Amino acid sequence: EMLKNNAQMSQRIFDTQQRLYETELVKTESEIYALRSQINPHFLYNCMDTINWRAIMNGDEKTSAFATNLSDFYRTCLNKGNPKIRMKDEFKNIRAYLRLQEDLHDNSFDVFYDVDERVYDYESVNLILQPVVENALEHGVERTTDTKGYIRIRAALEDEDVEPRIVIEIFNTGPPIDPRVAEEALTDPGRGYGLANVHSRIQLYFGKAYGVHIAPAEGGTLCRIVIPAVR
């Protein structure tokens with residue numbers, strides 16, 4: 001009986017030590033990840049700055065602009081780890097992203113903006129526009145036939161209601177989205193459209209009254225994003 005008790009005690013001690021080891025391992029890995037997340041962006045920005053200045057010294061304005069846009073895009077994407085972002089920086093992110101895409105696509109599509117600059121002073125969840133625009137490019141603009149495709153981005157501050165809100169509309173040319181696919185894109189993260197993630201994050205931060213709506217429109221697809229006007 002004594003040997004049995006000693007064996008059980010030894011096992012408990014071993015299990016406790018194992019849990020402590022695993023806890024310490026997770027903590028160490030988390031610290032390494034945090035350190036890596038700090039190093040990598042700075043390294044990336046330094047490289048982009050170097051490319052930019054070398055391009056300027058060589059009179060290569062196109063490469064300089066590309067490096068600057070890439071740096072702006074990643075700075076606003078990472079946002080120093082903050083899940084909230086000023087709308088001004090969210091639009092800076094999407095403008096940089098679309099300039100990069102225009103360059104990568106040899107300017108085969110156009111982008112039009114109609115943005116009420118009052119929305120810039122308000123707060124948003126980080127990265128709500130880029131997944132929508134990437135989706136608009138891949139499933140719409142790149143499949144536009146007969147004419148040059150385009151994306152149109154509108155943003156307005158609607159303050160007539162009791163609770164003011166920001167409404168962003170992103171229209172893209174191309175095959176209109178199927179209504180069934182549109183519904184699935186907002187509810188099934190596995191669909192690969194990226195819209196379900198944006199929709200759920202908006203509702204998580206701001207409530208069920210807000211989120212994303214996507215539907216077929218004449219000549220393409222219209223995505224509508226609604227968030228409260230929060231400073």
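Author: Let's start with a rule: a salt bridge is a side-chain nitrogen of Lys or Arg within 4 Å of a carboxyl oxygen of Asp or Glu. This is a predicted model, where local features need pLDDT of at least 70 and side-chain atom pairs count only at pLDDT 80 or more, while totals for chains, interfaces and linings use all residues. Residues are numbered from 1 along each chain as its sequence is written, and side-chain values use heavy atoms, with hydrogens and water left out.

Reader: Fine. What makes glutamate 169 and arginine 224 a salt bridge?

Author: The closest N and O atoms of glutamate 169 and arginine 224 are 3.4 Å apart, and the rule asks for within 4 Å, so the pair counts. Glutamate 169 sits in strand S5 (residues 165–173) and arginine 224 in strand S7 (residues 220–228), 55 residues apart, so the pair links distant parts of the chain. Strands here are DSSP runs of E, at least two residues, and helices are runs of H or I, at least four, numbered from the N terminus.

Reader: Why is glutamate 169 called partly exposed?

Author: Its relative accessible area is 23%. Buried means under 20%, exposed over 50%, and partly exposed in between (1.4 Å probe, protein chains only), so glutamate 169 lands in the middle class. Arginine 224, at 29%, is partly exposed too.

Reader: How do you know that aspartate 103 and lysine 62 are paired?

Author: Their closest N and O atoms are 3.8 Å apart, so they satisfy the salt-bridge rule. That pair links distant parts of the chain as well, with aspartate 103 in helix H3 and lysine 62 in helix H2, 41 residues apart. Aspartate 103 is partly exposed at 22%, whereas lysine 62, at 56%, is exposed.

Reader: What makes arginine 154 and aspartate 114 qualify as a salt bridge?

Author: They meet at 4.0 Å, N to O, and that counts as a salt bridge under the rule. Arginine 154 is in strand S4 (residues 149–158) and aspartate 114 in strand S2, 40 residues apart. By this rule the count comes to nine salt bridges, and Asp116, Arg118 and Asp159 are linked in a network of them.

Reader: What makes Arg75, Arg86, Lys88 and Lys92 a patch?

Author: Patch members have over 30% relative accessible area and no salt bridge, with like charges joined within 9 Å. Lys and Arg count as positive, and a charge is placed at NZ of Lys or CZ of Arg. Lysine 92 has 39% relative accessibility, so this residue clears the 30% mark. Lysine 92 is found in helix H3 (residues 87–104).

Reader: How do you know that the length of helix H2 fits expectation?

Author: H2 (residues 61–78) has 18 residues and reaches 26 Å from first C-alpha to last, close to the 26 Å expected at 1.5 Å a residue. That expected span is 1.5 Å times one less than the number of residues. Among the buried residues of H2 are Ala67, Phe73 and Cys77. Just after H2, asparagine 79 takes a positive phi of about 50 degrees.

Reader: Why is aspartate 106 called exposed?

Author: At 64% relative accessibility, aspartate 106 is over the 50% cut-off, so exposed is the right word. Aspartate 106 lies in the loop between H3 and strand S2 (109–115) and has a positive phi near 55 degrees. Asparagine 107, in the loop between H3 and S2, also has a positive phi of about 55 degrees; at 48%, asparagine 107 is partly exposed.
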